[in-house]
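Trainee: I would like to go through the terms used for this model and see what each one rests on.
Mentor: Then look at the structure first, and ask afterwards.

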Amino acid sequence: MTTMKNSIHDNANGLDYTLVNDHYLPNLTVAAPTEQHPTGRWGRLHKRYLKEHHPIRYNQLLLSGELGGYLAKLDKQAEEQLALIVRQMRGSAVG
């Protein structure tokens, strides 16, 4: 009877595996977000849109830890665009 190693590395895919009972399971971790970003209305709406229409992109952002920053940046841009549109509408209504 041969003894199985506690951990192995697969050069083909670059993953490390740990022996659990009789099976090797990959050592997978989720990247921790670097910082928390507040997400407003537009960020929440875009998050729902990504989940429903682009689940692969959503999962890539989520698993890489970039989702919070991406949504916060998008939310900020949307708020700035809304403020610009409101200013432009006020300007055209006065003149």
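**Terms and their grounds**

Mentor: Start with the hairpin of E1 and E2: four residues lie between its strands, and glycine 14 takes a positive phi near 80°. Keep in mind that this is a predicted model.

Trainee: What makes E1 and E2 a pair of strands?

Mentor: Pairing requires at least two bridges found by DSSP. Strand E1 (residues 7-10) and strand E2 (residues 15-20) have four bridges, in the antiparallel sense, so the criterion is met. In one of the bridges, aspartate 10 has leucine 15 of E2 as its partner.

Trainee: Why are H1 and H2 called oblique to each other?

Mentor: The axes of helix H1 (residues 41-53) and helix H2 (residues 55-64) cross at roughly 120°. Roughly perpendicular covers 65 to 115 degrees, and roughly antiparallel begins over 145. The crossing angle falls in neither range, so H1 and H2 are oblique. Their axes come within 5 Å.

Trainee: Which residues make that contact?

Mentor: H1 contributes Lys47, Leu50, Lys51 and His53, while Pro55, Arg57, Tyr58 and Leu61 come from H2. By class, four are nonpolar, one is polar and three are charged.

Trainee: Why is leucine 25 called partly exposed?

Mentor: Its relative accessible area is 42%. Buried means under 20% and exposed means over 50%, so leucine 25, lying in between, is partly exposed. Leucine 25 lies in strand E3 (residues 23-26).

Trainee: What does leucine 25 touch, leaving out residues up to four places away in sequence?

Mentor: Leucine 25 touches Asp16, Tyr17, Thr18 and Val20. Between leucine 25 and leucine 15, the C-alpha to C-alpha separation is 10.0 Å.

Notes. Residues are numbered from 1 along each chain as its sequence is written. This is a predicted model: local features need pLDDT of at least 70, side-chain atom pairs count only at pLDDT 80 or more; totals for chains, interfaces and linings use all residues. Side-chain values use heavy atoms; hydrogens and water are left out. Helices (H or I, at least four residues) and strands (E, at least two) are DSSP runs, numbered from the N terminus. Axes are lines fitted to C-alpha atoms, for helices over the stretch in contact, and angles run from 0 to 180 degrees between N-to-C directions. Angles under 35 degrees count as roughly parallel, over 145 as roughly antiparallel, 65 to 115 as roughly perpendicular and the rest as oblique. Contact means heavy atoms within 4.5 Å. Ala, Val, Leu, Ile, Met, Phe, Trp, Tyr, Cys and Pro count as nonpolar, Asp, Glu, Lys and Arg as charged, and the others, Gly among them, as polar. Buried means under 20% relative accessible area, exposed over 50%, partly exposed in between (1.4 Å probe, protein chains only).
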